[in-house]
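I opened my notebook for another fold today. Here is what I looked up, in the order I got curious.

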Amino acid sequence: LAAIATSEMGKPIAEARAEVEKCAWVCEYYAQTSPHVLADREVPGSGSRSWVSHEPLGTVLAIMPWNFPYWQVFRFVAPALMAGNAGLLKHSPNVTGTALAIEQLLLDAGLPHDVFRALVVPEAAVPDTVERLVADDRVHAITLTGSNRAGSFVAAAAGRAAKKSVLELGGSDPFVVLEDADLDVVVPRAVAGRFLNTGQSCLCAKRFIVHASLMDEFARRLAEAVEGLPVGDPADEGTKIGPMARPDLAATLAQQVQDSVSEGATVLTGGHRMDRGAAWYAPTVVVDVSLDMPVMAEETFGPVAAVIPFDSDDDAVRIANHTPYGLGASVWSADPDRALKVGRRIESGALFINANTASDPRLPFGGVKQSGYGRELGEAGAIEFTNIRTTLVG
């Protein structure tokens with residue numbers, strides 16, 4: 001399974017294998033917890049008896065992206081099927097093999113035919129097909145993980161049809177380093193947090209907001225660590241940075257860095273396309289950035305880290321919130337209570353103190369602002385696609 005993802009979208013094979021294992025974890029989690037979470041719950045009311053139940057909505061259309069081609073699907077499909085729903089998967093066209101492998105995997109596990117189907121849709125036909133699917137009376141809800149443009153399109157279609165939708169969109173997560181943080185700990189975590197999946201994750205740390213007293217040392221160490229990342233064939237076990245998923249994505253990233261440099265940013269390492277092919281971009285660290293430069297104002301979906309200094313906690317919060325996105329945030333300090341005080345003022349769907357942002361089957365996942373709405377995972381994900389039904393007996 002991992003080899004399919006690596007061949008289709010270039011994920012380093014070790015990370016692809018870990019993704020498959022995580023999918024097994026989310027299935028185990030919902031198999032163990034859903035019977036309890038979805039059970040009828042007695043609630044005293046005005047009648048002789050009243051209770052709340054969670055009933056399936058019906059068929060849920062899932063529109064999923066290429067960057068975590070297994071995980072994005074399984075974090076939806078595990079709770080949705082456990083709740084009694086059926087699923088239609090419209091996966092990204094560049095991971096069709098993965099989509100079909102998921103369908104076959106569920107059939108091999110014993111799922112009845114036609115409870116879950118992967119739809120193979122030519123890229124040019126995707127907008128019209130999705131709009132027709134959303135409007136179809138046999139589709140009862142929609143979930144999308146993807147770009148803000150795609151999310152707006154699907155949300156509008158779902159709104160016209162008065163159907164429930166869940167959106168998990170872009171992110172530009174702040175990674176805030178307070179002045180008492182231990183750089184021996186923080187720098188390796190910064191590298192891991194930014195360059196997972198060759199930097200192609202909505203939940204990656206993208207903007208590194210570092211106290212002015214640590215700025216130069218942090219940036220130097222980060223650049224040195226990034227220069228040492230093994231770049232190569234994603235099928236090799238030791239590779240950390242492979243190609244980006246498509247040449248157009250590498251071109252967009254290159255333009256964002258180039259435009260930022262033309263506005264005064266400085267590249268410490270990387271900052272260029274690689275001679276390995278059109279989809280390759282060098283792992284990059286950029287400093288001397290301002291809030292309106294593309295590497296700070298836009299989502300950079302690839303191996304680029306932008307580092308900016310701050311002077312006070314208020315300044316750090318201001319910079320962190322200077323984005324239309326609100327998916328995740330992390331704050332690093334020797335004093336967890338202080339870090340939590342700072343982090344609570346950052347607008348995000350998830351906050352991590354002295355830890356990298358990451359999804360966990362046991363915890364709700366989702367964003368605020370332009371990062372979307374609704375929640376996946378955890379108990380919230382178990383009931384997201386259910387009819388929360390009240391029954392009262394007089």
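**Entry 1: cysteines.** A word of caution to myself before starting: this is a predicted model. How many disulfides would a search of the whole structure find? I got zero. I checked C23, and its closest cysteine sulfur is in C27, 7.0 Å away, which is too far for a bond, because a disulfide needs the two sulfur atoms within 2.5 Å. Starting from C27 gives the matching picture: C27 is in no disulfide, and its nearest cysteine sulfur is that of C23.

Then I asked myself about C23: buried or exposed? C23 counts as buried, at 5% relative accessibility. C27, in contrast, is partly exposed, with a relative accessible area of 31%.

**Entry 2: a hairpin and its neighbour.** I moved on to strand β1 (residues 41-42), which runs antiparallel to strand β2 (residues 49-56) and is joined to β2 by two bridges. I looked for the partner of E42 and found W51 in β2. The connection from β1 to β2 is a hairpin of six residues.

Which strand did I find joined to β2 by eight bridges? That is β18 (residues 386-393), again antiparallel to β2. Here P56 has T386 of β18 as its bridge partner.

**Entry 3: the six-stranded sheet.** Next I traced an open sheet with mixed pairing, and I wrote down its strand order as β5-β4-β3-β6-β7-β17. At the edges sit β5 (116-119) and β17 (372-373), each pairing on one side only. Helix α4 (residues 96-108) packs on this sheet and touches β4 (86-90) and β5. I noted an angle of about 165° between the direction of α4 and that of β5.

Inside the sheet I picked out β6 (residues 141-145) and β7 (residues 164-168), a parallel pair with five bridges. T143 stands opposite V166 of β7.

**Entry 4: cavities.** I finished by looking for enclosed space. How many cavities of 30 Å³ or more are there? The count is two, and the largest holds about 60 Å³ of space. Its lining pleased me, since T143 from the previous entry turns up again, along with R75, F76, P79, A80, R375, E376, L377, G381, E384 and F385.

Which helix gives the largest share of that lining? I found helix α3 (residues 71-82), with four residues.

Key:
Residues are numbered from 1 along each chain as its sequence is written. This is a predicted model: local features need pLDDT of at least 70, side-chain atom pairs count only at pLDDT 80 or more; totals for chains, interfaces and linings use all residues. Side-chain values use heavy atoms; hydrogens and water are left out. Two strands pair if DSSP finds at least two bridges between them. Buried means under 20% relative accessible area, exposed over 50%, partly exposed in between (1.4 Å probe, protein chains only). Contact means heavy atoms within 4.5 Å. Axes are lines fitted to C-alpha atoms, for helices over the stretch in contact, and angles run from 0 to 180 degrees between N-to-C directions. On a 1 Å grid over the protein atoms alone, a cavity is a set of points where a 1.4 Å probe fits but cannot get out, and a pocket is an open set with protein on both sides within 12 Å along at least five of seven lines; lining residues have an atom within 4 Å of a point. Grid points are joined across faces, edges and corners, and a volume is the space filled by probe spheres set on the points.
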